[in-house]
Amino acid sequence: MSTGTRGPAALVLEDGRVFRGAAYGARGRTLGEAVFCTGMTGYQETLTDPSYHRQIVVQTAPQIGNTGWNDEDDESSRIWVSGYVVRDPARTPSSWRAKRTLDEELVRQGVVGISEVDTRTLTRHLREQGAMRAGVFSGDALGSDEQMVAEVLASPQMKGADLAGEVSTERPYVVAAQRERRFRVAALDLGIKSNTPRLMTQRGIEVHVLPSNTSAEELLALEPDGVFLSNGPGDPATTAHATALTKTVLEQRIPLFGICFGNQILGRALGLGTYKMRYGHRGINIPVIDVATGRVAITAQNHGFALEGEPGQRFDSPYGAAQISHYCPNDDTVEGVRAFEVPAFSVQYHPEAAAGPHDAAPLFDEFVELMESRVSHTGGAQLAGGDWVRVSRKTQEKKA
C-alpha cells in the first residue's frame, strides 16, 4: 500500500489487531472507543455531534470528504470525535458550500485520523468482537505494535465513563422562538445538537439550554412549560444527578420529552436498568417500530448503551404504569418509553435528524401537543393522569 505524502499510520485495537494505512488529518496519537457509523452522508454532522465524545469513528461509506467542510452544518462548536477512520478520502471537494477540505478541518482542530483502511474488514471485526478501545498513531507517535497496544490497554473504557459534563454548556443560554412565543422549555444539555433547539423554536418554543449540573431549584425557577432531555455521550449508569432531576420533573408532572441519552435517563428514572451494547447503533438508516401503531420510521441514531426491556412490555414505575413504546426490529433493542400516568415520553433516536432522515420530526409536534394539553386542560396547573392518557392515545391515533 502506498501512503503517498501523507505518511504511514496505524489503527490499533485493544485485542491486538492492527490496521495499517495513511495519515489523515492531524498527526500524532489519539485514544478512544472504536465504533462504526453506517451513514452514507452527513459526516460533518457526525464529527461535530457531542455524543461521539471519546470515540474513534469508522465510516463504513467508502468515500468520505466529497462535499468538503462548510460553516453552516456543524452541530456544535467543535469536532468531538477522538479519531477518524476512512477508506478513500476525497482528493478535491465538490460543493458550492465548501469552505475547505475535510482533511484541512481535521488538521485545524487537531483530530488524528487514518485513511486507506479496509473499513469493510474493520467493521466486520467490530461487529463480531464488539466496540473496543483503540488508538490511531501517526508521525512521531508511531511505535512498535507492542508499545501501541499497551497504550490502548492503559486508556479508560467507555463503560462507567461520565462524559456529559465534559460536553455540556458551561452557562445557560436562550434560543428565542422564531415567531410568537407559545411555550418555554428547559433543555438539559447533556450533549445537545444545534438542530434540536432550532426545530423547537420553529414551533414557537423558547428554549432555555441548561448545563448538565443544573439544580432542580434552578430548573423549576424558570417555570417551564416542558422539559427536554438531550442526547449525549457516556454510560447512563453514571447520570445520578440527571436521573434525580428527571424524577423531580416527573413528580411535578411537567411535560417531559427525552431523546437518545435522555431516553436512557427517563428509563432509569422510571426504574429500568441499562446495559452496554456489543457495537451499538450508529447511522441514519436504522428502523424503529412504534408499538402502538405498528408504524416503521427510519431513524438517525448514535448510542452504545440501551435500556433493558422487551418490545411492548408494560411495567410499573414509581410514577404509575409505563410501557416500552418503540423497538428496533433488527435486534429488539428498546427504542422508546412512555409513561401513562405522568406526561413523559422518550425515544432512543434523533428526531432532529441532522443529517436526515426526517421520519421522526413529528415527535416535536407531539411534545407541543402535550404542553398544549397541559395548559388547555388545567390552565397551567398540573395535568391529571387521565388527561395525559387521553392526550397520548389521541396523538398515537393521529400517527396511525
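This is a short dialogue on reading features in a predicted model.

Q: Where does UniProt place the feature "active site"?
A: Start from the record, then look at the model. The unreviewed UniProt entry lists C260, H350 and E352 under that name. These residues are spread over 93 residues of sequence, yet they cluster in space. Their largest C-alpha distance is 11.1 Å.

Q: Is C260 buried or exposed?
A: Compare its relative accessibility with the cut-off. Buried means under 20%. C260 has 1%, so it counts as buried. As for its place, C260 is in the loop between β14 (256-259) and α9.

Q: How many residues of helix α9 are buried?
A: Take the helix residue by residue. Helix α9 spans residues 261-269, and 8 of the 9 are buried. The helix is therefore largely enclosed by the rest of the structure. The buried residues are F261, G262, N263, Q264, I265, L266, G267 and A269. Just after α9 comes G271, which takes a positive phi of about 105°.

Q: Why do residues three or four places apart in an α-helix point the same way?
A: It follows from the turn. An α-helix has 3.6 residues a turn, so such residues share a direction.

Q: Which residues carry the UniProt feature "binding site"?
A: Again, read the record and then check the spacing. The unreviewed entry gives S51, G232, G234, F261, Q264, N302, G304 and F305. They are spread over 255 residues of sequence. In space they cluster, with a largest C-alpha distance of 13.4 Å. F261 and Q264 on this list are also among the buried residues of α9.

Q: Where does S51 lie, and is S51 buried or exposed?
A: S51 sits in the loop between α1 (43-47) and β4 (55-59). Its relative accessible area is 5%, so S51 is buried.

Q: How many salt bridges does a search of the whole structure find?
A: The total is 16. To read one, ask which side chains meet, then where they sit in the chain. R20 and D145 make a good case: their side chains meet in a salt bridge at 2.6 Å, N to O. The pair links distant parts of the chain, 125 residues apart. R20 is in strand β2 (residues 18-25), and D145 is in helix α4 (residues 145-153).

Q: How exposed are R20 and D145?
A: Partly exposed is the range between buried and exposed. R20 falls there, with a relative accessible area of 44%. D145 is partly exposed too, at 30%.

Q: Which parts does the salt bridge between D365 and R203 tie together?
A: The side chains of D365 and R203 meet at 2.7 Å, N to O. D365 lies in helix α10 (residues 362-378), while R203 lies in the loop between α6 (195-201) and β12 (205-210). The pair ties together parts that are 162 residues apart in sequence. D365 is partly exposed at 33% relative accessibility. R203 is buried at 15%.

Q: Which residues do salt bridges with shared partners join into one network?
A: Look for a residue that takes part in several bridges. Here D71, R100, E105 and R108 are joined into one network. Within it, R100 forms a salt bridge with E105, the closest N and O atoms being 2.5 Å apart. E105 is buried, at 0% relative accessibility.

Q: Which residues form a positive surface patch?
A: A patch groups like charges on the surface. R87, R120, R124 and R127 form a positive one. R120 is found in helix α3 (residues 119-129). At 62% relative accessibility, R120 counts as exposed.

Q: What does UniProt annotate over residues 7-137?
A: Read the name from the record and the make-up from the model. The unreviewed entry gives "domain: Carbamoyl-phosphate synthase small subunit N-terminal". Over this range the chain is 18% helix and 34% strand. The end C-alpha atoms are 11 Å apart.

Q: How far apart in space are V185 and G139?
A: Set sequence separation beside C-alpha distance. V185 and G139 are 46 residues apart in sequence and 48 Å apart in space. V185 is in strand β11 (residues 183-188) and is buried, with a relative accessible area of 0%. For another pair, A360 and R100 are 260 residues apart along the chain, and their C-alpha atoms are separated by 32 Å. A360 is found in the loop between β20 (344-347) and α10. Its relative accessible area is 7%, so A360 is buried.

Definitions and conventions:
Residues are numbered from 1 along each chain as its sequence is written. This is a predicted model: local features need pLDDT of at least 70, side-chain atom pairs count only at pLDDT 80 or more; totals for chains, interfaces and linings use all residues. Side-chain values use heavy atoms; hydrogens and water are left out. Patches are made of residues with over 30% relative accessible area and no salt bridge: like charges are joined within 9 Å, nonpolar side chains (Val, Leu, Ile, Met, Phe, Trp, Tyr) within 5 Å. Accessible areas come from the Shrake-Rupley method with a 1.4 Å probe; for residues, only the protein chains shown count as cover. A salt bridge is a side-chain nitrogen of Lys or Arg within 4 Å of a carboxyl oxygen of Asp or Glu. Lys and Arg count as positive and Asp and Glu as negative; His and the chain ends are not counted. The place of a charge is taken as NZ of Lys, CZ of Arg, CG of Asp or CD of Glu. Helices (H or I, at least four residues) and strands (E, at least two) are DSSP runs, numbered from the N terminus. Buried means under 20% relative accessible area, exposed over 50%, partly exposed in between (1.4 Å probe, protein chains only). UniProt positions are given in the numbering used here, feature names are shortened, and annotations may be inferred rather than shown by experiment.
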